[in-house]
Structure formats: structure tokens, C-alpha cells
Amino acid sequence: MTADAKATCHCGSVEIKLTLPNGIENAERCSCSICSRKFSAFVGVHLDDLEVLTGKSSLKEYTFHTHSSKHYFCSNCGIHTHHRSRMSPTRYVVNLSCIEGVKIEDYADAPYFNGRDHPKDAE
Ligand SMILES: [Zn+2]
């Protein structure tokens, strides 16, 4: 995995350029109400390291609960590509399964973040 990577939705409308200075590290899953339904592993990137190249008009935004995290998905194929991290507001969280070249089975053991009892809910 090089520093530059590309993520796409399923239909290809949405193309996202990622800069991963150290490749994919600290891959995680999350047990919150939305992530558990998606069951995708993810990786965090700095806000500056994600650029939507194509398909901005296809991306729909979804928020819930505190509405502090914006979740983005392709309105054509329904695939969630990324969202704003609630824990780290300076970061996006990217669906690992959308990143070209990733073999998702390599991340079967990604540890869980306890989003079900999200620390921000206790503030
Ligand atoms: Zn799509």
C-alpha cells in the first residue's frame, strides 16, 4: 500500500483520493448502532488527507442522535464511503472495503471500538 490510495463506492460514481502516509494502520470496527449494521472495518485519515474527486452530487449526508458525525453514502448504489469521526473531529473515517487493493479478509481481526457506549455520550 502506497501513500496514495483511491476509494470508490460500488457503482463508481464516487471516487475519493486518500493520502495514507503510513499505509493502512489501526484498522478498527465499531459497535455503535450504525457501524454494527454496516459491519465494515474502517481506517481514520486526517481531514486534509481525503478529497472527493468525483460524485460529490451523488454523496448524501446522514446524521442521527447528536448529529455531530456526518455519514456519507452514495445515493445511487447505497454504499457508505466515509464519515466524520465523532471522537476525533479532525479526522474522517473511511470504509476499508471501499479502498482499492484492500483484501477485507485481511482485517477480519480488526479490534472493536466500543461505540455502543460512546465516550461522547457520557459528556
Ligand atoms: Zn455508487
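By donors I mean N, O and S atoms within 2.8 Å of the metal, and with that in mind I can start from the zinc ion, whose donors follow the spacing C-x1-C-x62-C-x2-C along the chain. Please keep in mind throughout that what we are looking at is a predicted model.

The protein donors behind that spacing are Cys9, Cys11, Cys74 and Cys77, each through its SG atom, and they lie 2.3 to 2.4 Å from the zinc ion. The angles among the four donor atoms run from 104 to 118°, and the site is tetrahedral. As for how two of these cysteines are placed with respect to the surface, Cys74 is buried, with a relative accessible area of 0%, whereas Cys77, at 27% relative accessibility, counts as partly exposed.

Let me turn to the strands, beginning with the N-terminal part of the chain. Strand S1, residues 4–8, and strand S2, residues 15–19, run antiparallel and are joined by five bridges. Within this ladder, Asp4 has Thr19 in S2 as its bridge partner, and Ala7 is partnered by Ile16, again in S2. The two strands form a hairpin with six residues between them, and in the turn Gly12 has a positive phi of about 90°. This hairpin belongs to an open sheet of three strands, in the order S1-S2-S5, with antiparallel pairing. Its edge strands are S1 and S5, the latter covering residues 50–54, and each of them pairs on one side only. From one strand to the next, the twist in this sheet averages 30°.

There is also an open sheet of five strands, which are arranged in the order S4-S9-S8-S7-S6 and are paired antiparallel. Here strand S4, residues 42–46, and strand S6, residues 59–62, stand at the edges, and because each has a single partner strand, one side of each is left without a neighbour in the sheet. Neighbouring strands of this sheet are turned against each other by 25° on average, if direction is ignored. Further inside that order we find strand S7, residues 71–74, which is joined by three bridges to the antiparallel strand S8, residues 80–84. In that pairing, His71 stands opposite His83 of S8. Cys74, which we met as a zinc donor, falls within the range of residues given for S7.

That leaves the aromatic side chains. The count of aromatic pairs comes to one. The pair consists of Tyr62 and Phe64, whose ring centres are 5.8 Å apart and whose planes are at 20°, so the pair is stacked; the cut-off behind that word is an angle under 30 degrees. Tyr62 is partly exposed at 41% relative accessibility, and Phe64 is likewise partly exposed, with a relative accessible area of 25%.

Finally, what lies over the face of Phe39? It is Arg29, at 4.6 Å from the ring centre. A second arginine to look at is Arg84, whose charged end sits over the ring of Tyr92, 5.9 Å from its centre.

How values were computed. Residues are numbered from 1 along each chain as its sequence is written. This is a predicted model: local features need pLDDT of at least 70, side-chain atom pairs count only at pLDDT 80 or more; totals for chains, interfaces and linings use all residues. Side-chain values use heavy atoms; hydrogens and water are left out. Donors are N, O and S atoms within 2.8 Å of the metal (3.2 Å for Na, K and Ca); water is not among the atoms, so sites may look incomplete. Four donors count as tetrahedral if all angles lie between 85 and 135 degrees; four count as square planar and six as octahedral if opposite donors are over 155 degrees apart and all others between 65 and 115; anything else is irregular. Buried means under 20% relative accessible area, exposed over 50%, partly exposed in between (1.4 Å probe, protein chains only). Two strands pair if DSSP finds at least two bridges between them. Helices (H or I, at least four residues) and strands (E, at least two) are DSSP runs, numbered from the N terminus. Axes are lines fitted to C-alpha atoms, for helices over the stretch in contact, and angles run from 0 to 180 degrees between N-to-C directions. Rings of Phe, Tyr and Trp (its six-membered ring) pair if their centres lie within 6.5 Å; planes under 30 degrees apart count as stacked, over 60 as edge-to-face and the rest as tilted. A charge sits over a ring if NZ of Lys or CZ of Arg is within 6 Å of the ring centre and within 35 degrees of the ring normal.
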